[in-house]
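Colleague: I would like to go through this model and ask how each label was earned. Please set the values against the definitions as we go.

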Amino acid sequence: MSELSEHANNIRKNILKMIHHAQSGHPGGSLSCTDILTALYFSVMNINKENINDVQRDKLVLSKGHASAGLYATLAEKGLISEEELLTYSQLGSRLQGHPNMNELPGVDMSTGSLGQGLSAAVGMCLANKLDGNGFRTYVICGDGEIQEGQIWEAAMSAGHYHLDNLLLFVDHNRLQSDGFNSEVMEIESIGAKFAAFNWNVLSCDGHDVDALVAVAKYAASCKGMPTVVIAETIKGKGVSFMEDQPDWHGKAPDDAQLAQALAELGGEQ
Amino acid sequence: MSKRATRAAFGLALAQLALENENVVALSADLANSVKSSAMKKVAPERHFNFGIAEANMIGAAAGMAANGKIPYATSFAMFASGRAFDQVRNMVGYPHLNVKICASHSGLSAVENGATHQALEDMALMRAIPGMTVIQPCDDIETQQAVKAISEYDGPVYLRLGRNAVEDVNDADYQFQLGKGVIMHQGSSPITMFATGAMVQQSLEALELLKEKEIDPTLINIHTIKPLDEQLVLEYARKSDFIVSLEEHSIIGGLGSAIAEVTAANCPTRQLFIGTDDVYGESGRYEQLLDKFGLSAAAVAERISAFSKR
C-alpha cells in the first residue's frame, strides 16, 4: 500500500470510529470523499501547523458539510488535531460539530451544512485571492446530490464569468443521496456538460485512486482562464463491503459488530 | 436643507470608503444602479463585482471574501437580501460571524409602485433574529454616510437598511453617529416618548409640530441601531413615560417595536403604541400615499398618538 493510501485507510478507520462513538453521522458520503481529502491534504494543498491560522492560504470548502467526519479525520491524520478529540465528534461542547463550524476549529475553512452554499464561498475566496494576486488556490468538494441545489449553478455561472482558474471543484460522484439513487430522486446528468456550458474546464477521474487525484489536481492548476471541475467517480461507503452503494448508510451509525467488521476489512486496529 | 435618499448617501459613502480602505469590496446582484453601489464602481471598478440576478450566490461569495480578509458590502433590495438569501445570510454570514455588510435598499414601503413583492416589511424581524447580527437603519444623508464608515470599523455581520426615497436632513452637520446609541432628537415636556427609526424619524418630527397644536409634546428618540438596542436609553425614557410609541416602516411584528417591548416587558412594563404596518402586505402607490394609507404619515402619527393619549 502506498503512503497516501495508508493515510486514506487510517482516515476511513477514524471516520467509522467517530460515527460509531457518536452514534450519529454520515459514513457513506464521508467514505466516498476520503481519497479526495487525502490527495488534497497530503499532496496538493499547502496547509500545515504553521499556516493553519492564516487568513490567506490554500483552502478547502467542504460544501457537503455532512461529510464532516471525513474532514476531521483528515485533519487528525495530518496532525492538526488530536485523535482523542475525534471521539468528541458531534457531542455537546465539542469543536467537532456535526456540520463544520469555522469559528470552532482551525482548519475548517468555511462553515457548511446547508447544501449548495460552499461553491459560492469558494468563488468569493478566489475573487479575493485574485485581487491580492497571492496565487493561493481554493478547493471545493460537493456531493452529486448537492448539485441539485440551484445556488450551485448560480455559483458555477459566476466562476465561469470571472475566469476563476484558481478554483478546483471535485464533484463526489457516488450516485446516491439521502432518498436513494440520484437518477430516481432527481436526475443530474450530464454533470460535465452542465459545467462546460458555464465555461468550466471539465475533467474526470477515479475518485478512489489517490495518485490519480493528485495528478488531476496538479494538472488543473496548469489550466488557465477558467475554473476546473473534476467529476470524481466514487462509491458511497467505499472500503466497507456492507456499506458500499447502499442508500441506507447515508446517515446511519454502525453498531459494535458492524464497526468491528468494518475495521477488520480496513486491515484491523493499528 | 438638502434632501437625499439614504441609498444615494450610501453610494457616495461607499465610494469614499473604497478610496480610503483597499480591503473594501462591493457586491451587487444586478441592482448596482438602484442601490447606488455604482458610485464605487466609478472609483474602484476592480473591487466592484456584479453577480447577476443571483442573491444567494452573492451573499455566499461575500462570506468567502470576508473569510479571506476583505470587507464586503453586499447590496440588493431589502426583500431579496433578507428574504431570498435568508439561509445564506443565516448560515454563511451569521453563524460564522463573518465581516459582511449587507446593504439593503428599497426597504419598507419605499419600493413604492413596485408593490408588495418588493416591499420588505419583515426584513428587520428576520435579520434581528439572527444571533450576532447588527441591524442599523439610518434616517438621513449624514447619518447614512457616517454609518457606512462606522460599520467598516466594526468586525462582524451588519444589516444596513436603506430607503429608496429622498429624505430631508434631520441631523446637523456636526452630527456624530455612534453604533448602538440612540439619539434624542427632541426633549419634550409630555410624559410620552417616541422611538423612531429610518424615514419615520422625519415623519415623527413633522408629527411633533402637529401635536404641539394639541398641547402634546412628546420626546423623540432616533433609534438607528435596532440591534444591539440602546436598552439603557429605552428604559430610562420608558420609566419617565405614561406610554411609549415605536415608529417604523416595517411590520409591527418583530421589528423596532418588538425589540423595545422585549426590553420594557422584563424591566419596566409600559403601555406602547406600535406604529408600523399591521399584519398585512404593502401595495403599489406613491410613497406619500402609502405612508398615509398605512398610518405612517406625520398626520396619521399625530392623530394616533393623540387618540392613544386619551385612552
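Colleague: How many residue pairs does the rule find in polar contact across the interface of chain B and chain A?

Modeller: The rule finds 16 such pairs, both residues having pLDDT 80 or more. A polar contact is a pair of N or O atoms within 3.5 Å; within protein, one must be able to donate a hydrogen and the other to accept it, and residues adjacent in sequence count only if both atoms are side-chain atoms. This is a predicted model, in which local features need pLDDT of at least 70 and side-chain atom pairs pLDDT 80 or more, while totals for chains, interfaces and linings use all residues; side-chain values use heavy atoms, without hydrogens and water. Residues are numbered from 1 along each chain as its sequence is written, and chains are lettered from A and ligands numbered from 1 in the order in which they are written.

Colleague: Which elements give two or more residues to the side of chain B that touches chain A?

Modeller: They are strand E3 (48-50), helix H4 (55-67) and helix H6 (86-94) of chain B. H4(B) gives the largest share, nine residues. Helices (H or I, at least four residues) and strands (E, at least two) are DSSP runs, numbered from the N terminus.

Colleague: What area do chain B and chain A bury between them?

Modeller: About 2100 Å², of which 57% is on carbon and sulfur atoms. Asn57(B), Asn68(B) and Tyr95(B) supply 29% of the area that chain B buries against chain A, more than any other three residues. Buried area is the accessible area (1.4 Å probe) that two parts lose on being put together, summed over both. The contact takes 27 residues from chain B and 26 from chain A, contact meaning heavy atoms within 4.5 Å.

Colleague: What makes the meeting of Asp132(A) and Lys70(B) a salt bridge?

Modeller: A salt bridge needs a side-chain nitrogen of Lys or Arg within 4 Å of a carboxyl oxygen of Asp or Glu. The side chains of Asp132(A) and Lys70(B) meet at 2.6 Å, N to O, so the pair fits the definition. The count between the two chains is one salt bridge, while the structure holds 17 over all chains.

Colleague: Why do Arg161(B) and Asp123(B) tie together parts that are apart in sequence?

Modeller: The two form a salt bridge, the closest N and O atoms being 2.8 Å apart. Arg161(B) lies in strand E7 (residues 158-161) of chain B and Asp123(B) in helix H7 (residues 123-128) of chain B, so the bridge spans 38 residues of sequence.

Colleague: Does Arg161(B) count as buried or exposed?

Modeller: Buried means under 20% relative accessible area, exposed over 50%, and partly exposed in between (1.4 Å probe, protein chains only). Arg161(B) has 0% relative accessibility, so Arg161(B) counts as buried. Asp123(B), at 1%, is buried as well.

Colleague: Why is helix H4 of chain A said to be largely enclosed by the rest of the structure?

Modeller: Ten of the ten residues of H4(A) (residues 68-77) are buried, so the helix is called largely enclosed. Among them are Leu71(A), Tyr72(A) and Glu77(A). The cover includes H1, helix H2 (27-32), H3, strand E1 (59-62) and helix H5 (83-86) of chain A.

Colleague: How do you know that the span of helix H10 of chain A agrees with what it should be?

Modeller: The expected span of a helix is 1.5 Å times one less than its number of residues. The twelve residues of H10(A) (210-221) should therefore span 16 Å, and the end C-alpha atoms are 17 Å apart, which agrees.

Colleague: Why are the buried residues of H10(A) said to line one face of the helix?

Modeller: Seen down the axis, they fall within an arc of 165°, so they line one face. The arc is that of the directions from the helix axis to the C-beta atoms. The buried residues of H10(A) include Val210(A), Leu213(A) and Ala217(A).

Colleague: What is the phi of Arg175(A), which is not a glycine?

Modeller: The phi of Arg175(A) is positive, about 70°. Most residues other than glycine have a negative phi, and most peptide bonds are trans. Arg175(A) is in the loop between E3 and strand E4 (176-177) of chain A, and at 41% relative accessibility counts as partly exposed.

Colleague: Which residues does a cis peptide bond with omega of about 0° join?

Modeller: That bond joins Glu189(A) and Ser190(A). The peptide bond from Lys227(B) to Pro228(B) is cis too, with omega near -5°.
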